[in-house]
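Biologist: I am more at home at the bench than in front of a structure viewer. Could you show me how to read charged side chains and helices in a model?

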Amino acid sequence: MEAIKSNITFKKLTKENCTNYKNVRKIFAKYKKQTLCNHGEAPGSKKMFYNLFDSIIASLPKDKTKYFIVMHADKELLGFALIETADRDVVDIPFSYGSVHDFYISPKHRHKGFGRILNEYIEKIFKENGTNTVLLYPDPVSGIDFWRAMGYCNTGIHQGWGHFLVYKKHLTENEHTAEIDKAIEQLVTPTDTIGINPYNKQQMKEVFKVWKEYCKQANRKPHKNDVRKMAFSARKNRNVHFSALYYKGNVIGFTYKAENEISHILPEYEKQEFHL
């Protein structure tokens, strides 16, 4: 293992050298599919992620803030990371920050220090580009403990657990550090309201419980496919919205907006100040 660590090489992936790392595309697709499943999202097809990989590589020459880093030893792929040194898409604050979009370590090399080595390398890139703060969405299955060990902390954003948690790390302190923290704190709420994913079985199950409560009050009979049909309708029609209200990781209400609006909060939460 030490022999491998002493032989580690990092390479910035480009359109020109991508053919030298043919297995990265396949591994990236598998990794993305598993990551979305871990987040409770629709996994999609391998072709979709192949196309995503190709579009990322094609965009790298134009976007000087993005880096796709491959870590390997000789011909063995150890891991990769997709980072952005000046981002504004993770959270909406009036400051740019670094972001880690993807971070992968080969399964047989996990829990052996390779993740820390890759993280130290991308942090070096951030600092070289003047990036002081980094934000990311940790994988809820395999990422939270790792990123905490790397010095990241939970910002509190999405603490209702209706959406991806946001973690933060200040690599260096500067005149904007306190302002960034304050801007992030203003985004923290005790609940989350997010769109309902028809492929997320756990979410669908929880929403259906609330739906049954609503039907009981509205004197209508609930059908097992009601929630799924509403969710797919919202996916296909941009004028239709179907959202779940989360509180401490559980769905406590929903709102469905089509021609008319239907909304409901579980009775035990009605007296609290929750808003759909």
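Modeller: We will go through salt bridges, then a charged patch, then one helix. Please keep in mind that this is a predicted model.

Biologist: Let's begin with the charges. How many salt bridges does the structure hold?

Modeller: The general idea is that side chains of opposite charge can pair when their charged atoms come close. In this structure there are five salt bridges. One of them joins Arg25 and Asp54, with 3.0 Å from N to O. Arg25 belongs to helix α2 and Asp54 to helix α3, so this pair ties together parts that are 29 residues apart in sequence.

Biologist: And is Arg25 buried, exposed or partly exposed?

Modeller: Arg25 is partly exposed, because its relative accessible area is 28%, and buried would require under 20%. Asp54, at 34%, also counts as partly exposed.

Biologist: Which residue forms a salt bridge with Asp102?

Modeller: That is Lys32, and the closest N and O atoms of the two are 3.0 Å apart. Asp102 sits in strand β4 and Lys32 in helix α2, so the pair ties together parts 70 residues apart in sequence. Asp102 has a relative accessibility of 3% and therefore counts as buried. Lys32 is buried as well, with a relative accessible area of 16%.

Biologist: Where does Lys169 fit in?

Modeller: The side chain of Lys169 meets that of Glu123 in a salt bridge of 2.7 Å, N to O. This pair links distant parts of the chain, with Lys169 in strand β7 and Glu123 in helix α4, 46 residues apart. Lys169 counts as buried at 17% relative accessibility, and Glu123 does too at 11%.

Biologist: Now the surface. Which residues gather in a patch of positive charge?

Modeller: For a patch, look for like charges grouped on the surface. Here the group is Lys26, Lys30, Lys33 and Lys46. Helix α2 gives the largest share, three residues. Lys26 lies in that helix and is exposed, because its relative accessible area is 57%, where the cut-off is over 50%.

Biologist: Last, how do I check a helix such as α4? What should its 15 residues span?

Modeller: Compare the expected length with the distance between the ends. At 1.5 Å a residue, α4 (residues 114–128) should span 21 Å, and its end C-alpha atoms are 21 Å apart, so the two agree. The buried residues of α4 include Phe114, Leu118, Ile122 and Phe126, along with Glu123 from our salt bridge. After α4 comes Gly130, with a positive phi near 75°.

Terms used:
Residues numbered from 1 in each chain as written. Predicted model: local features only at pLDDT ≥ 70, side-chain atom pairs only at ≥ 80, totals over all residues. Heavy atoms only, no water. Helix = DSSP H or I, 4+ residues; strand = E, 2+ residues; numbered from the N terminus. Expected span 1.5 Å × (residues − 1). Buried < 20%, exposed > 50% of the residue type's maximum accessible area, 1.4 Å probe, protein only. Patch = residues over 30% accessible without salt bridge, like charges linked within 9 Å, V, L, I, M, F, W, Y side chains within 5 Å. Areas by Shrake-Rupley, 256 points an atom, 1.4 Å probe, with all protein chains shown as cover. Salt bridge = Lys/Arg side-chain N within 4 Å of Asp/Glu carboxyl O. Lys, Arg positive; Asp, Glu negative; His and termini not counted. Charge placed at Lys NZ, Arg CZ, Asp CG, Glu CD.
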